[in-house]
Every structure is written in C-alpha cells, then in structure tokens.
There are 2 protein chains.
Amino acid sequence: MATKRILILGGGFAGVYTARALEKSLPKNSGWEVVLVNRENYFVFQPLLPEIVSGNVGILDTVSSIRSLLRRTRLYVREVESIDLERQVVSLAPGIYPRSLQLPFDHLVLALGNVTDFRGMPGLHEHAFPFKNVADAIHLRNHVIHVLEEAAVESDLQLRRELLTFVVAGGGFSGVEVAAELNDFLRKVVKRHYPIDPREVRVVLVHSGQRVLERELVERLSEYATRVLRDSGIELLLGRRLKSATPQAAVLDNDQRIATRTLVSTVPSFPHPLIEALDIPKQRGRVEVDEFLRVKGRTNVWAVGDCALVPIAGTDQFCPPTAQHATRQAAVLAKNLCATIAQAPLVPFQFRGLGKLGALGHHRAVAELPLKIRLSGFPAWFLWRTVYWWKLPGLLRKTRVGISWFLDLFFPPDLAQLKLNLSQGVGQAHYEAGEYVFRQGDWGDALYIISQGEVEVVKEENGTSRVLATLRSGDMFGELALLHAAARSASVRCRTPVDLIVIRRSEFGMLASNVSAFRENLERLAAERLARDRQSPN
Amino acid sequence: MATKRILILGGGFAGVYTARALEKSLPKNSGWEVVLVNRENYFVFQPLLPEIVSGNVGILDTVSSIRSLLRRTRLYVREVESIDLERQVVSLAPGIYPRSLQLPFDHLVLALGNVTDFRGMPGLHEHAFPFKNVADAIHLRNHVIHVLEEAAVESDLQLRRELLTFVVAGGGFSGVEVAAELNDFLRKVVKRHYPIDPREVRVVLVHSGQRVLERELVERLSEYATRVLRDSGIELLLGRRLKSATPQAAVLDNDQRIATRTLVSTVPSFPHPLIEALDIPKQRGRVEVDEFLRVKGRTNVWAVGDCALVPIAGTDQFCPPTAQHATRQAAVLAKNLCATIAQAPLVPFQFRGLGKLGALGHHRAVAELPLKIRLSGFPAWFLWRTVYWWKLPGLLRKTRVGISWFLDLFFPPDLAQLKLNLSQGVGQAHYEAGEYVFRQGDWGDALYIISQGEVEVVKEENGTSRVLATLRSGDMFGELALLHAAARSASVRCRTPVDLIVIRRSEFGMLASNVSAFRENLERLAAERLARDRQSPN
C-alpha cells in the first residue's frame with residue numbers, strides 16, 4: 001500500500017497545531033504521512049516579539065523549533081513556489097542546490113497566514129519597518145540603537161529632533177504593544193546612558209480611530225488604554241492615517257509631515273500571494289471554508305488560521321485572526337480530516353474565544369474575559385504575563401522566559417546593538433515633492449537611477465541657487481561623487497514624488513569595474529556633466 | 001581653558017579598559033576629556049562566541065554595551081576613515097547623515113585590534129565563514145541549521161554527504177573551540193531531531209602543525225587536547241593548510257579537495273588597514289611600542305592590545321594577543337598617559353600572564369597555569385567556566401550566563417534558526433578548475449560576470465556533451481534563465497580557477513528594468529546566444 005500524504009503549508013500556530021493534532025489522531029500504521037512546509041524551521045511566539053526590541057527576552061526564546069514540537073511529521077524548510085489543486089501537487093523553491101521539488105498530496109491544508117504588504121502606500125516598502133517576524137524585531141532594535149548613537153553625537157538640533165522622533169502606525173494590539181515597549185525602552189536607556197534629555201524623545205502613535213483598540217475592546221477598556229499610553233508619554237495622533245513614507249518623514253492623510261528616521265507600520269495585513277493565486281472562493285482575501293474547515297467546493301483542501309474565514313457555528317460571525325482561534329481550529333480540522341479518511345461524520349467548529357489581552361507598557365495591560373469580566377492596570381498585566389508564559393511551549397523556554405522576566409524587574413534594559421553587517425545591496429527609495437535626495441557638500445555614498453518622477457539638480461553658489469538640470473525617469477545622478485570620491489557638487493531636489501533605484505558604493509565599485517557597458521555609460525555621463533558645469537557662468 | 005582630548009580608537013578589551021582606567025585616574029576637572037570611537041556600541045566577550053553557534057548563551061549576553069561600562073567617556077559609534085598624525089586629527093565616516101566628522105586630538109591611543117583578511121587565499125573571502133565577531137557567529141549558526149534542514153530532505157547521497165561535512169581551518173584556541181562546540185551541537189541535535197544518522201556527520205579540523213594548540217600549550221596538554229578532539233569524533237587533518245575555497249569545497253595545500261558547504265576559517269589575522277596606512281614603526285604589522293606603551297618615535301601616540309607589539313620588561317619577549325594582556329596593558333597605558341600629562345615618571349609594563357585556558361567540548365578543557373600547574377579534563381573545564389564567568393562585566397550578565405550554563409546541563413540545545421532575511425546583493429564567487437558553476441537543468445537564480453579566468457558552456461544532448469563556447473574575463477553568462485525564468489539550458493564548467501561577479505534574481509530584476517544600457521546589453525547577448533543555439537546541429 002503506497003503512503004498517502006497530508007500536506008500542510010505554513011508553520012505558524014495554525015499549521016503546527018494541525019500537524020500536532022494529526023500526529024495524535026492518526027494511527028501509526030494508517031498508511032498516511034503528515035508533511036509540513038515552512039520557510040523557517042521555527043514558529044514565532046508573536047506576543048513576545050516586542051520584547052526583542054527592548055532585549056528583555058532572549059531572541060531564541062521568542063521562537064520554538066518546529067522539529068522539537070513535531071516528532072513524526074516530515075518538515076521541509078523551503079518556500080512554496082506554487083500550488084496546483086487540480087494536479088494535486090505543490091512545488092517548492094530550491095534550497096542550497098538549484099532544483100525545485102514537487103510534493104504530491106492527497107489532502108492539502110492551507111495555513112499560510114497573511115503577509116505584510118505596503119502596496120498602494122508609496123515609500124512604505126522602502127522606508128517603514130514592518131513588525132511581523134523575528135527579523136523585523138531585530139532590525140528595529142538595531143535601527144533604534146543606531147539612531148540613539150547618532151543623536152548622541154549630533155550637534156544640529158533639527159536633525160537631532162528628527163533622529164529622536166519615533167512613529168508607529170496602527171492602533172491595534174500589535175501597534176499598541178510595539179509603541180508601548182519602544183517608549184519604555186527609549187525612556188529607560190536614554191535617561192541612563194545617553195547625553196540626551198528624555199524630553200527630547202518623541203514616540204508618536206498614528207491611529208485612524210478616535211481611541212486605540214476601539215475595534216478590539218469594549219469602550220471602557222479602550223478609553224483606559226488610550227489614557228495609559230498618553231500618560232506614559234506617547235503622543236497619540238488619532239483620526240489620522242499614514243499615507244506615504246520617505247527616508248526623512250512619515251506623511252499622513254492630511255499631508256502632515258512628521259520628520260523622523262524611524263517609522264514602524266503594523267497596519268497592512270494582506271492575504272498570502274499563494275492564496276491570492278488560487279481559484280477558490282475568498283472574501284477580502286481570506287479563504288471561505290465551511291463549519292468543518294473544508295474549503296468551499298473542495299473535498300480534499302482545508303484552510304485554517306489567519307488565511308481562512310472560519311464561521312463560528314451557531315452565530316453569524318467569523319473567527320478573528322488570533323492564536324487562540326488558530327489552535328482550536330487546528331484541533332477541529334485534524335479531527336475532521338481523520339474523520340474524512342475514516343468516512344466518519346464531521347464536527348463543526350464552535351469555539352467563541354476566551355478573551356482578549358493587550359500590554360500597554362509600564363507593567364499595565366487590558367483584559368476582556370468571558371462573563372463580562374474586565375481587568376485593567378497591573379492585574380491585567382500580571383494575567384497577560386501568566387497566560388503567555390503558560391502558553392510557551394516547552395519547559396526550557398518557560399524557565400528561561402520566566403527568569404528573564406524576573407531579572408527584568410531588577411535590571412535596566414541592555415542597549416547593545418545586534419549589528420549584523422547587513423549588506424544594503426541595490427535598494428529603492430521614495431521621496432515626496434520638495435524633499436532633497438542629497439545636498440551640495442554631502443558625502444557621496446550612492447548612485448541613483450530615477451524609476452519614476454522628476455528631480456532638479458540645484459547648484460548653490462555665492463548665496464544664490466540655480467537649477468542646472470531637470471532629470472526624469474531613466475536618468476541617473478550621483479555618479480560624480482562616486483567616481484571621484486568627493487562631496488556632492490550640487491543638491492538634488494524632488495519636483496514630484498520620486499521613486500529611485502539606489503546603488504551603494506560597495507556594489508557600485510564591483511559593477512563599474514566589471515560591466516563595461518555600465519562603466520562606459522557612467523563615464524560619458526560624468527564627462528558631459530563636468531563640461532556643462534564648466535560652461536555655466538560662475 | 002580649552003578642553004584637551006585623549007582619543008581612543010577601538011572598543012575591544014584594550015580600548016574599553018584604557019578608557020575605564022583613564023576615567024578613574026584623570027581628575028574630574030583636569031581639562032581633559034576622553035573620547036572613544038568604535039564601530040559597534042558594544043564590545044565582544046570573545047571566549048563566549050562559540051556558544052552563540054550552539055545557542056547555549058543568549059546572543060546579547062556575549063556582548064557588553066560600552067556606554068554601560070564607561071560613564072564619563074564620550075562614545076562615537078562610527079567607522080574611522082583616516083588618521084592624520086601630523087595634523088593630529090582623525091576623521092570618522094558618515095553615520096545616518098552623509099557628512100564625515102573631524103576629531104582633533106592631543107593624545108591618540110591605537111586599540112584597533114586586528115582583522116580577518118583572506119588575501120592571497122582564493123575563494124575564502126567569498127566562501128569561508130570567518131569567526132571573529134557576533135555577526136560571524138550568528139551567520140554560522142544560521143548556515144549550519146540551513147544545511148541540516150537541507151540534508152534532512154536531500155535524497156542524493158553524494159550531495160547529502162557534502163551538506164553534512166563541516167570543515168574548520170586552524171588549530172589554535174579559536175579553531176579548536178569552534179570545532180568542539182560545533183561538533184557537540186551537531187551530534188546532539190542530529191540525534192534528537194533529524195532523520196539523519198549521526199555517523200553521517202563529519203567535522204574536520206585542518207591544522208598545519210602535528211598537534212592542535214602546539215604553539216599555545218606544553219606538549220603534554222597539546223597531546224591531550226588532540227586526543228580529546230579525536231575521541232569526540234572530530235577528524236583531524238594535521239600537517240595540512242587550507243589553500244582555497246569554492247562554493248562546493250575546501251581545497252588543501254596538497255590539492256586534496258573536501259566537498260563541503262560549510263568552511264570556517266579562524267586562521268588569518270591581519271593588521272587593521274588603518275594601522276597599515278600609518279607611517280610608524282611596525283613588525284609583522286603590529287605597532288612597535290616602548291615598555292611604556294608609547295609608539296616608538298612619537299610622544300602623543302600610544303598603542304595597546306592586539307594591534308601593538310608590547311615588550312615584557314625584563315624579558316626579550318612580547319605579549320601574546322590575549323584579553324588578559326590587553327587589560328593589563330590598558331591599565332599601564334592609562335597610568336603613563338596621566339603621568340605624561342602631569343610630567344611625572346612613567347612605569348614599564350611587566351605582566352607575564354596568568355595562564356592559558358581552552359575548551360575542548362564535552363565538558364572538557366585544558367589549562368596551563370603559573371607554578372607549572374597543568375589541568376585537563378573536567379577540572380580544567382570547570383576552571384574555564386569559572387574564570388570567564390568571573391570576568392563577565394556586570395551582575396545582570398553574570399546572572400544570565402550563569403543560569404544559561406546551569407540550564408544547559410539539563411536541556412538539549414535549541415535548533416531554531418535566526419533567519420534574518422539577509423540580502424545577498426551583488427556578490428562574488430570563486431571556483432577552481434573543473435568545477436561546475438551550474439548544470440544544465442538547474443534552476444536559474446543568478447547572472448554571472450567573469451572577472452577572472454575562463455569557463456566553458458557545455459550542452460548535453462542525447463547522452464553526449466558538446467562545448468558551445470568558451471567565455472573569458474568581462475563575459476557574462478546565465479542571463480537566459482533569468483530573462484525567461486526557466487531551467488539552465490546548458491552547463492558552465494571552469495577551465496581555470498575563476499572569479500565571478502554574481503547578480504541575484506532580485507537585484508537583477510531591478511537593474512534590468514531600470515538601467516537601459518544594462519538591459520539592452522543583455523537582450524542582445526541573449527538573442528545572439530539563442531540564434532547560435534538554433535544554428536548548431538541537434
């Protein structure tokens with residue numbers, strides 16, 4: 001008898017708990033194997049992510065390796081390249097060797113979650129920090145410390161103010177927890193370690209509603225949360241949305257411009273591109289399933305977790321995208337999948353949720369529990385920690401996080417950066433009209449190619465400024481300073497919103513010395529511009 | 001009275017302890033300020049680095065933030081760009097804003113350590129993991145876990161063997177500790193979590209001597225260390241040196257080729273490029289100082305730590321590059337610097353070292369102490385942990401590392417990867433003659449430009465292979481698969497050792513769609529090659 005395969009795509013709470021439940025329910029010699037595909041070999045314990053920023057909790061303690069939770073499941077640590085429901089095969093992207101891999105399936109479980117996607121918001125992809133996974137949290141920590149170190153030695157007050165402004169967009173649980181944790185961290189380390197007045201630090205939370213967490217909590221708790229954040233020194237910009245971002249600013253829907261070098265956006269969660277590509281019924285990007293977690297119109301395709309729109313039996317409501325729902329869905333799905341195989345009757349999903357918890361910093365939180373029990377302040381915070389500690393998988397992790405939390409009561413946060421020599425590579429940048437890409441006299445560290453928009457090259461001499469040229473899509477600038485390793489000989493200012501390709505010095509050197517067409521092109525351009533500069537009056 | 005400045009370059013043990021000693025010795029209103037420049041805001045506790053690979057110790061616990069150790073020193077977290085001894089000014093590279101910064105000094109302390117530099121060893125820069133800082137350790141951990149995950153799903157036995165071979169070059173303390181820790185980690189996690197037979201795992205230590213640690217320790221201990229490593233399953237390749245590296249192999253000086261995807265090189269420590277550029281007396285790259293730590297021939301320039309060649313007064317010997325010497329040098333330097341300012345007599349450096357300690361994995365170590373006391377095995381290991389624990393700066397770090405070490409006795413190592421979405425960017429690769437860059441049918445994920453050497457394009461059809469073309473320096477290949485998103489239509493094999501520029505799919509897309517010269521060039525090339533392929537006989 002050939003082994004049949006249940007293939008689970010995605011290793012978040014939904015996917016891992018489905019596999020776990022299947023390991024328990026499927027008899028050992030059932031002739032079925034469970035295979036799970038995930039791009040990481042761990043799953044993230046989301047509620048602890050903000051504590052990576054402050055360094056309260058060890059990085060490895062915010063994640064759990066999937067292999068240590070699933071003993072009988074086969075794990076592929078790969079990206080999924082495509083899903084073919086008709087041919088019943090999933091293809092995986094290459095790993096170390098350049099070959100893709102085909103995985104046929106008999107049952108497919110979609111547990112792909114959702115993704116951060118900044119489509120339709122110019123500049124966010126380039127200049128905003130998402131906050132969804134461990135890498136995001138580490139990058140944010142590094143950046144925040146980098147900005148503090150720079151502010152500590154910056155003498156220009158305007159620039160210093162820009163460096164010390166931190167903007168978080170989104171007043172849901174995620175945005176509130178990041179803003180609160182960041183605010184606590186900044187105020188503690190600045191006071192203790194930096195030659196910076198804590199009053200110079202601004203943490204701004206931008207939220208479209210009139211109160212934070214208004215969609216998640218009852219009015220009283222939402223009002224309480226709003227007040228606690230304000231009291232702890234966070235500036236709330238309510239009734240506003242983020243519109244775009246540039247390297248120097250967050251731009252709001254009323255065109256208000258907040259000069260900052262640190263913008264965190266927790267707002268947009270989009271359906272996974274693989275789900276988007278599938279020909280199955282969806283509502284606002286989430287896969288429609290019946291009360292048994294089966295994708296509508298399919299007999300061997302299931303969906304679970306944040307990517308699925310799961311009806312709660314006996315109500316006209318759908319599950320919110322939270323871990324407590326995902327894990328309960330996983331249990332029901334596994335049961336129904338086994339029942340399908342055994343041709344037994346299925347059971348409907350009817351969990352209504354145990355409550356909601358959100359941390360607000362300063363050892364305070366809000367909690368909305370069944371039986372209309374509502375908690376706020378320290379008791380809610382204590383409950384928050386207890387619940388999440390309890391949910392941590394494994395005794396080692398429980399011990400380590402418990403100890404970290406205990407020590408955190410007595411010791412100040414650590415401010416060592418986790419610099420990882422990240423290659424900047426070839427990047428992209430977005431600027432709004434009127435902003436400067438660089439100014440005359442700045443140090444030249446990159447070459448730019450305009451992919452959209454118009455810029456002016458402006459020369460300042462004897463107190464007057466003169467437009468030397470207007471450049472458009474396809475034009476290149478900034479090459480002079482790179483070829484001759486000098487300060488910028490003119491400023492570049494945007495006439496319209498502008499999208500740029502940025503090639504940094506390191507990459508540039510390699511390309512210029514090896515791609516002859518590239519080099520010749522640049523040298524010609526540089527010569528032309530030098531000639532033009534010389535012709536122009538002094 | 002204008003403030004005078006002591007400028008310290010480098011924030012390792014040498015630099016930080018010099019600043020610390022100066023903070024204590026310089027009177028508060030002396031009119032002197034101490035400034036320290038370092039590229040990171042932390043200093044690394046080197047002996048704990050190998051434990052990042054196994055995840056025993058939290059990443060942040062292997063480093064200490066400089067600000068929390070130095071309360072009165074001004075810290076600049078920047079790269080040093082250049083040193084001008086005559087004008088007495090150091091210039092710093094730009095931070096977030098593109099401007100460099102000039103720091104004049106009255107006294108200069110060089111504490112720049114040394115750097116990893118693979119010059120003269122083809123392919124090591126591209127394909128070997130250095131092991132010097134936190135980023136190196138994290139990258140190595142990520143890579144090792146990546147390789148295990150790939151081996152777990154690889155069915156080709158030859159490729160699987162290649163993935164499960166780990167090569168460490170260098171049998172000094174650093175190489176021995178990395179090899180031992182890696183070996184312990186691999187054997188524990190493979191046995192527990194992977195569908196891999198532990199006997200498939202090979203850890204190879206390549207060392208030029210006949211025993212490991214033979215230069216560092218007396219014969220008996222060096223022999224003991226060699227035996228312990230061998231007993232714990234490490235293959236020792238003695239009397240051999242690493243010559244070059246490719247993406248698929250480590251090549252030794254006898255042209256032996258070890259097929260591997262993981263090569264760690266702890267061998268080459270070069271003088272810092274800034275030291276190289278200075279016109280001061282040096283021996284094998286280290287700065288010559290007198291017994292007072294003053295650079296020979298200078299009155300206001302000092303050198304300390306690994307970048308300095310420090311004579312031990314009363315002997316004809318020089319200090320080895322270790323932390324215990326660096327910290328003692330720092331104290332003497334600070335004293336002499338203050339004495340110089342106060343025009344008091346200087347004191348010579350005469351510390352002879354307290355002993356040597358090296359961990360060998362499996363709770364064993366070697367120790368060579370004064371009074372000819374020699375320890376090995378568990379007692380030495382216990383001493384090793386005690387000494388380094390004692391030396392850890394700060395109570396919080398002591399507590400956390402102590403607890404981690406305690407837990408590590410009872411729990412298996414964690415195997416979650418720390419995937420950080422590192423951009424690969426535009427990279428470089430080195431291949432030896434006869435190796436394949438890619439094979440017909442492989443998935444196309446990069447474009448290559450030859451910067452040195454010759455390759456053959458080989459087409460395999462109907463069981464025979466035919467050389468389509470020979471390409472040389474400046475030529476480009478691999479563009480077909482990228483332009484048309486398909487499998488490679490031919491293999492590329494190296495005729496000579498080859499250096500390549502690698503442009504990955506992500507970067508490539510951006511460049512190709514924006515740099516018109518680049519795109520036109522590629523399309524012309526692709527068209528020519530397609531035409532040539534069609535002309536050729538089937």
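Chain A has 15 helices and 33 strands, where helices (H or I, at least four residues) and strands (E, at least two) are DSSP runs numbered from the N terminus. This is a predicted model, so local features need pLDDT of at least 70 and side-chain atom pairs count only at pLDDT 80 or more, while totals for chains, interfaces and linings use all residues. Residues are numbered from 1 along each chain as its sequence is written, and chains are lettered from A and ligands numbered from 1 in the order in which they are written.

**Exercise 1.** Work out how the radius of gyration of chain A fits with a compact globule.

Solution. Start with the rule: 2.2 Å times the number of residues to the power 0.38, with the radius taken over C-alpha atoms. For 538 residues that gives a value near 24 Å; chain A has 26 Å, which agrees. Next, look at the extents: the C-alpha trace spans about 90 × 55 × 40 Å along its principal axes.

**Exercise 2.** Place A:R504 and decide whether A:R504 is buried, partly exposed or exposed.

Solution. First find the element: A:R504 belongs to strand 33 (residues 498-504) of chain A. Then take the cut-offs: buried is 20 or more other C-beta atoms within 10 Å of the residue's own, exposed is 12 or fewer, and partly exposed is in between, with C-beta atoms placed from the backbone. A:R504 has 18 such neighbours, so A:R504 is partly exposed. For chain A as a whole, 47% of the 538 residues count as buried.

**Exercise 3.** Describe the open sheet of four strands in chain B.

Solution. Begin with the order, 13-12-11-17, with parallel pairing (two strands pair if DSSP finds at least two bridges between them). The edges are strand 13 and strand 17 (262-265), each pairing on one side only. Now zoom in: strand 11 (residues 165-169) and strand 17 of chain B share four bridges, and B:V167 has B:L263 as its bridge partner.

**Exercise 4.** Find out what helix 8 of chain B does.

Solution. Check the length: helix 8 (residues 219-231) has 13 residues and reaches 18 Å from first to last C-alpha, close to the expected 18 Å (1.5 Å times one less than its number of residues). Then the buried face: B:L221, B:Y224 and B:V228 are among its buried residues. Finally the direction: helix 8 lies across strand 12 and strand 13 of chain B, at about 135° to strand 13. Axes here are lines fitted to C-alpha atoms, for helices over the stretch in contact (C-beta atoms, placed from the backbone, within 7 Å), and angles run from 0 to 180 degrees between N-to-C directions.

Conventions. Two residues are in contact if their C-beta atoms, placed from the backbone, lie within 7 Å.
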